[in-house]
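Please walk through the structure below, from its cysteines to its charged side chains and then to its nonpolar interior.

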Amino acid sequence: MIAPLRNAEIARVEIRFDGCGDSGAVEECVFSDAGGASVPCPEVTIACAGEGDDQSLNSALEQLTYLALERHHPGWEINDGACGELFIDVATPSFVLDCQLRYTATDDHSTGL
């Protein structure tokens, strides 16, 4: 997955996701070059090992995001849910998953009078 990004001179990928109420989705994939300018996703196909079907680079990146979320934050789409980004630094290559977990809290007080 890194090679097609390098070949297209993409330096960074930011994949944004949001989930709550028992559903969630990848909202946006943003690709940028070394200067930080936004560039389009390369139109390439990725071979999926063991899957039998190839998929677009954009679809493969979305699938990677869902797999990372399920591994590190299972249930990210349940109740109040979570949102965040998966960052890919193509040069390194490194992957960072930033996830903001949302929750409802209560602060109960009882006062005897």
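How far is the sulfur of C83 from the closest cysteine sulfur? In this predicted model, the closest cysteine sulfur to that of C83 belongs to C99 and lies 7.4 Å away, which is too far for a bond. The cut-off for a disulfide is a pair of cysteine sulfur atoms within 2.5 Å, and by this rule the count of disulfides comes to zero. Seen from the other side, the sulfur of C99 has its closest cysteine sulfur in C83, again at 7.4 Å and too far for a bond. C83 counts as partly exposed, at 21% relative accessibility, whereas C99 is buried, with a relative accessible area of 19%; since buried means under 20%, the two values fall on either side of that cut-off.

A further cysteine, C29, has its place in strand β2, which spans residues 23-32. C29 counts as buried, at 18% relative accessibility. The C-alpha atom of C29 is separated by 9.1 Å from that of F17, a residue 12 places away along the chain. When its neighbours within four places in sequence are left aside, C29 is in contact with E14, I15, N58 and E62.

E14 leads on to the charged side chains. Side chains of opposite charge can pair when their charged atoms come close, and a search of the whole structure finds three salt bridges. In one of them R16 pairs with E14, the closest N and O atoms being 2.8 Å apart; here R16 counts as partly exposed at 28% relative accessibility, while E14 counts as buried at 16%. R16 also meets E28 in a salt bridge, with an N to O distance of 2.4 Å. Because E28 lies in strand β2 and R16 in strand β1 (residues 12-20), this pair ties together parts that are 12 residues apart in sequence. E28 itself is partly exposed, at 38% relative accessibility.

The remaining pair to describe joins R102 and D18, whose closest N and O atoms are 2.6 Å apart. This salt bridge links distant parts of the chain, as R102 lies in the segment after β7 (94-101) and D18 in strand β1, 84 residues apart. Both partners are partly exposed, R102 with a relative accessible area of 33% and D18 with one of 31%. Through shared partners, salt bridges join E14, R16 and E28 into one network.

Which side chain of opposite charge is nearest to E85, and how far away is it? E85, found in strand β6 (residues 82-89), is buried yet has no salt bridge, and the nearest side chain of opposite charge is R16, at 5.0 Å. A salt bridge requires the nitrogen and the carboxyl oxygen to be within 4 Å, so the 5.0 Å to R16 leaves E85 without one. Beyond its neighbours within four places in sequence, E85 is nevertheless in contact with E14, I15, R16, F17, V96, L97 and D98, and two of these, E14 and R16, belong to the network just described.

The nonpolar interior comes next. In soluble globular proteins, nonpolar side chains tend to be buried together. The largest nonpolar core in this model has 16 residues, and those with the most contacts inside it are L5, V13, I15, F31, L61 and I88. The elements that give two or more residues to this core are α1 (2-7), β1, β2, α2 and β6. A second, separate core of five residues includes L69, W76, A82 and C99, the last of which is the buried cysteine discussed at the start.

Within the largest core, L61 has its place in helix α2 (residues 57-72) and counts as buried at 0% relative accessibility. Although L61 and M1 are 60 residues apart in sequence, their C-alpha atoms are 8.1 Å apart in space. M1 is also among the contacts of L61 outside its neighbours within four places in sequence, together with V13, I15, F31 and I88. I88, for its part, touches I2, A11, R12, V13, I15, L61, L64, S94 and F95, not counting residues up to four places away in sequence. The contacts of L61 thus include V13, I15, F31 and I88, which are named among the residues with the most contacts inside the core.

Notes:
Residues are numbered from 1 along each chain as its sequence is written. This is a predicted model: local features need pLDDT of at least 70, side-chain atom pairs count only at pLDDT 80 or more; totals for chains, interfaces and linings use all residues. Side-chain values use heavy atoms; hydrogens and water are left out. Buried means under 20% relative accessible area, exposed over 50%, partly exposed in between (1.4 Å probe, protein chains only). Helices (H or I, at least four residues) and strands (E, at least two) are DSSP runs, numbered from the N terminus. Contact means heavy atoms within 4.5 Å. Lys and Arg count as positive and Asp and Glu as negative; His and the chain ends are not counted. A nonpolar core is a set of buried Ala, Val, Leu, Ile, Met, Phe, Trp, Tyr and Cys residues joined through side-chain atoms within 4.5 Å.
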